[in-house]
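User: I am new to this structure and would be grateful for a close look at a single part of it. Please explain how the helices in that part are arranged against one another and which residues bring them together.

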Amino acid sequence: WNGRIGYAVPIGDKTPFLNMDTQLDVPLFFELLKDNLGTYFGWLGVGWTVACLFSKEIFQRYQHFPILFNAGRFQSGKTTFSRWMMSLLGIETQGINISQTTEKGLMRMLMRRSSLAVWLDEFRNNTVNRKHIEGFRNIYDRQPYVRAEKSNDLNTIEPKIVSCLMLSGEETPADSGLFSRCVVCLFSERKRDSSLYERLEQMS
C-alpha cells in the first residue's frame, strides 16, 4: 500500500472495483489521527484496514483473519473512524445496522468484496442474537454456513468468504469467543481534539 485511496466503481451488476486516484500524505494522516482521537488505537485500526488488502495471503498462512471492533460511547469518534477506514478502502458508507442484517445476508456481502471490508454498526450485547454471534465467530476462520442444493442427491453449497468484517458499537462483545477473535480499538470523547476533524474529513 503506497498511500493511494480511491472510490468504488460499479460495473453494471458485477462486483465493483477500486479506482485509486488520490495520494494520501500517510505520515500527516497518522499524526492527525492520533491527535484527533487522543489515542494510538487509530493506528491499530489503519493497520487492520491495510491488512484487509492482503487478507487472502494472511488467511492462507495463518488460517484466520481477525475482526476489527471499534468501541466507544456516543460521540467518542468510533463511527466516524469506522467511516474513515471504509473510505480508505474506497467504500463510502454509513455502516449497516446489525439488527437489520440476517446471517445469510451478511454471508452474501462477505462473498462479494474480495479483500475489502464489510462494516456492521450498532453492536449491543442485549440485542445481537446468538446466530449473529456464531456467524461472527465463524468469519474469523472463514467458515460459512452450508446448505443443501435443490437436487435429489446429497450435494451441498458452501459459500466462500473473501471479505473482512468490521464491527462498531458502544459495548465490546460479552461473548469471550467473539472477543478473542477481535482487534479492539477503544475510543473516548474526553480524549478527542475535535478541532482536527475537518482536516481529517478532507483527507479521508
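Analyst: The model shown here is predicted. The part chosen is the group formed by helices α1, α2 and α4, taken pair by pair. Two packed helices are described by the angle between their axes and the distance between the axes, and each pair is introduced in that way.

Helix α1 covers residues 26-37 and helix α4 covers residues 78-88. Their axes come within 13 Å and cross at roughly 165°. Angles over 145 degrees count as roughly antiparallel, and α1 and α4 are therefore roughly antiparallel to each other. The crossing in which α1 passes α4 is left-handed. On the α1 side, the contact is made by F29, L33, N36 and L37, and α4 contributes F81, W84, M85 and L88. Of the residues in this contact of α1 with α4, 7 are nonpolar and 1 is polar, with no charged residue.

Helix α2, residues 41-52, also packs with α4. Here the angle is about 30° and the axes lie 10 Å apart. The crossing of α2 and α4 is right-handed. From α2, the residues G42, G45, V46 and T49 take part, and they meet F81, M85 and L88 of α4. The contact of α2 with α4 comprises 4 nonpolar and 3 polar residues, and again no charged ones. F81, M85 and L88 of α4 thus appear in the contact with α1 as well as in the contact with α2.

The remaining pair is α1 and α2. Their axes come within 8 Å and cross at roughly 135°, and α1 and α2 are therefore oblique to each other. In α1, the residues F29, F30, E31, L33, K34 and L37 meet G42, W43 and V46 in α2. The residues of this contact of α1 with α2 divide into 6 nonpolar, 1 polar and 2 charged. F29, L33 and L37 of α1 meet residues of α2 and also belong to the contact with α4. Likewise, G42 and V46 of α2 are found in the contact with α1 and in the contact with α4.

A brief note on internal space may complete the account. A search of the whole structure finds 2 cavities of 30 Å³ or more. The second largest cavity holds about 30 Å³ of space, and its lining consists of F65, P66, I67, I139, R142, S163, C164 and L165. That lining divides into 6 nonpolar residues, 1 polar and 1 charged.

Terms used: Residues are numbered from 1 along each chain as its sequence is written. This is a predicted model: local features need pLDDT of at least 70, side-chain atom pairs count only at pLDDT 80 or more; totals for chains, interfaces and linings use all residues. Side-chain values use heavy atoms; hydrogens and water are left out. On a 1 Å grid over the protein atoms alone, a cavity is a set of points where a 1.4 Å probe fits but cannot get out, and a pocket is an open set with protein on both sides within 12 Å along at least five of seven lines; lining residues have an atom within 4 Å of a point. Grid points are joined across faces, edges and corners, and a volume is the space filled by probe spheres set on the points. Ala, Val, Leu, Ile, Met, Phe, Trp, Tyr, Cys and Pro count as nonpolar, Asp, Glu, Lys and Arg as charged, and the others, Gly among them, as polar. Axes are lines fitted to C-alpha atoms, for helices over the stretch in contact, and angles run from 0 to 180 degrees between N-to-C directions. Helices (H or I, at least four residues) and strands (E, at least two) are DSSP runs, numbered from the N terminus. Angles under 35 degrees count as roughly parallel, over 145 as roughly antiparallel, 65 to 115 as roughly perpendicular and the rest as oblique. A crossing is left-handed if the near helix is turned anticlockwise from the far one by less than a right angle, and right-handed if clockwise. Contact means heavy atoms within 4.5 Å.
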